[in-house]
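Student: I've got this model open and I'd like a close look at one part of it. Could you pick a helix towards the end of the chain and walk me through how it sits among its surroundings?

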Amino acid sequence: MASTLRTSAKEIENAKKPFTPPREVHVQVTHSMPPQKIELFKDLEDWADDNILVHLKPVEKCWQPQDFLPDPASDGFYDQVKELRERAKEIPDDYFVCLVGDMITEEALPTYQTMLNTLDGVRDETGASPTSWARWTRAWTAEENRHGDLLNKYLYLTGRVDMKQIEKTIQYLIGSGMDPRTENNPYLGFIYTSFQERATFISHGNTARHAKEHGDLKLAQICGTIAADEKRHETAYTKISEKLFEIDPDGTVLAFADMMRKKIAMPAHLMYDGNDDNLFENFSSVAQRLGVYTAKDYADILEFLVGRWNVEKITGLSGEGRKAQEYVCGLTPRIRRLEERAQALAKKNKKDRMVPFSWIFNKEVLL
């Protein structure tokens with residue numbers, strides 16, 4: 001009862017205050033790419049037309065959320081919803097925390113399109129620019145938009161989650177934005193998106209696997225279908241970075257090292273529901289425990305990208321570039337060692353901690 005009263009008091013207090021985004025603790029840098037390199041991206045427009053836009057699917061060939069959901073125009077709609085809710089009853093609360101967190105991350109899509117349109121040389125200057133880069137950003141956004149729509153509607157129909165709390169979290173997150181520290185620099189931006197698309201591919205793939213284990217094959221199909229989209233988008237972004245390594249290896253390896261020194265911030269790191277100041281950390285802890293997205297995955301992604309871009313084999317670098325190359329290529333084993341120590345320490349000092357999540361009606365979940 002006391003916990004409920006404290007929560008209510010905080011909600012009342014927050015309701016009286018205007019919205020204030022969480023304060024960023026790092027210094028923000030803008031427009032770090034030398035202006036002359038903008039021409040490089042203009043020169044790549046024909047290449048992007050032939051090599052990047054091909055990773056988009058025509059709208060008429062794309063799946064849509066309704067393909068996976070009960071048909072509201074059907075006489076059997078209520079039976080279909082009932083069947084969906086019966087399947088959802090067997091799924092544990094901690095799985096729903098991960099699924100909701102993934103959905104909220106997808107629903108903050110306006111922020112991600114905004115971030116891409118901060119990048120010098122590739123932004124959509126008018127909102128309907130015909131350049132290859134602008135067409136990619138708009139069409140990528142349109143494809144990604146289906147992910148949040150599908151998961152949102154599915155979760156709504158299960159009856160297992162508190163939709164109002166989820167909706168508040170989405171509003172807070174979009175209002176807070178994000179600063180992945182890409183500095184309006186497409187070198188940094190495309191390395192970031194390469195990493196992030198692979199991270200979301202892994203996360204959705206693991207929620208698909210868990211849904212299958214819990215007996216909900218339809219949900220497994222939903223998460224697997226979203227993962228396949230993320231994989232296709234990852235291919236496009238890694239191809240852009242691969243091209244940058246080809247035409248400007250020094251500038252690209254320096255950008256790669258810069259992003260890894262900063263650490264790749266998850267898109268939803270400013271997540272907040274009006275109550276829990278540590279919501280993202282708690283959600284991440286549950287995802288780590290369940291194996292949905294882990295510190296090992298972070299190291300695996302870095303290792304994959306270093307190999308995908310043949311970073312170890314780059315020659316002809318400047319002295320600074322060679323140092324960046326050495327740093328990036330030696331980082332994966334270092335991350336793994338640190339993670340092993342952290343896991344061992346956590347195991348030694350293990351104390352089970354239960355935390356309530358407003359998304360699931362304040363039920364407590366083990367971190």
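Tutor: Let's start where helix H13 starts. Thr 294 caps the N-terminal end of H13, with a side-chain oxygen 3.3 Å from the backbone nitrogen of Lys 296. Keep in mind that this is a predicted model. The average pLDDT for the protein is 93, and 93% of the residues score at least 70. Residues 1-6 are another matter: there the pLDDT is below 50, and the stretch makes zero contacts in the model beyond near neighbours in sequence. Where pLDDT is low, the predicted coordinates shouldn't be read in detail.

Back to H13, which covers residues 295-308. With 14 residues at 1.5 Å a residue, H13 should span 20 Å, and its end C-alpha atoms are indeed 20 Å apart, so the expected and modelled spans agree. After the helix comes Asn 310, which has a positive phi, near 50 degrees.

Now for the side of H13 that is hidden. Its buried residues are Asp 297, Tyr 298, Ala 299, Ile 301, Leu 302, Leu 305 and Val 306. What do these buried residues pack against? The partners are helix H9 (186-213), helix H10 (217-247), helix H11 (249-262), helix H14 (319-329) and helix H15 (331-348). Let's visit some of those neighbours in turn.

Take H14 to begin with. The buried residues here are Gly 321, Ala 324, Gln 325, Tyr 327 and Val 328. Looking down the axis of H14, you'd find them within an arc of 165 degrees, so they line one face of the helix. An α-helix has 3.6 residues a turn, so residues three or four places apart point the same way. On the other side of H14, Lys 323 and Glu 326 are exposed. The cover over the buried residues of H14 includes H11 and H15 as well as H13 itself.

H11 gives you a nice residue to click on: Ala 257, which is in that helix. Its relative accessibility is 0%, so Ala 257 counts as buried. Leave out the neighbours within four places in sequence, and Ala 257 is in contact with Ala 324, Tyr 327 and Val 328. Those three names also appear among the buried residues of H14. Further along the chain, Ala 268 is 11 residues away from Ala 257, with 23 Å between their C-alpha atoms. Then there's Asn 275, in the loop between H11 and helix H12 (279-290). Asn 275 is buried, at a relative accessible area of 16%, since the cut-off for buried is under 20%. C-alpha to C-alpha, Asn 275 is 49 Å from Ile 314, and the two are 39 residues apart in sequence.

On to H9, where you'll find His 204. His 204 is buried, at 3% relative accessibility. Its contacts, leaving aside neighbours within four places in sequence, are Asp 102, Glu 106, Leu 151, Cys 223, Ile 226, Ala 227 and Glu 230. H9 also holds Glu 213 and Arg 209, which are four residues apart and so separated by about one helical turn. Those two form a salt bridge, with 3.4 Å between the closest N and O atoms. Glu 213 is exposed at 54% relative accessible area, while Arg 209 counts as partly exposed at 38%.

The loops around H10 have salt bridges too, out of 25 in the structure. In the loop between H10 and H11, Asp 248 pairs with Lys 37, which lies in the loop between helix H1 (2-16) and helix H2 (38-43), so this pair ties together parts 211 residues apart in sequence. The N to O distance is 2.7 Å. Asp 248 is buried, with a relative accessible area of 13%, whereas Lys 37 is partly exposed at 24%. At the other end of H10, Arg 87 forms a salt bridge with Asp 216, their closest N and O atoms being 2.9 Å apart. Arg 87 sits in helix H4 (residues 77-88) and Asp 216 in the loop between H9 and H10, so this link joins parts of the chain 129 residues apart. Asp 216 is buried, at 0% relative accessibility.

Notes
Residues numbered from 1 in each chain as written. Predicted model: local features only at pLDDT ≥ 70, side-chain atom pairs only at ≥ 80, totals over all residues. Heavy atoms only, no water. pLDDT = per-residue confidence, 0-100. Contact = heavy atoms within 4.5 Å. Helix = DSSP H or I, 4+ residues; strand = E, 2+ residues; numbered from the N terminus. Expected span 1.5 Å × (residues − 1). Buried < 20%, exposed > 50% of the residue type's maximum accessible area, 1.4 Å probe, protein only. Polar contact = N/O pair within 3.5 Å; in protein donor to acceptor, adjacent residues only side chain to side chain. Salt bridge = Lys/Arg side-chain N within 4 Å of Asp/Glu carboxyl O. Arc of directions from axis to C-beta.
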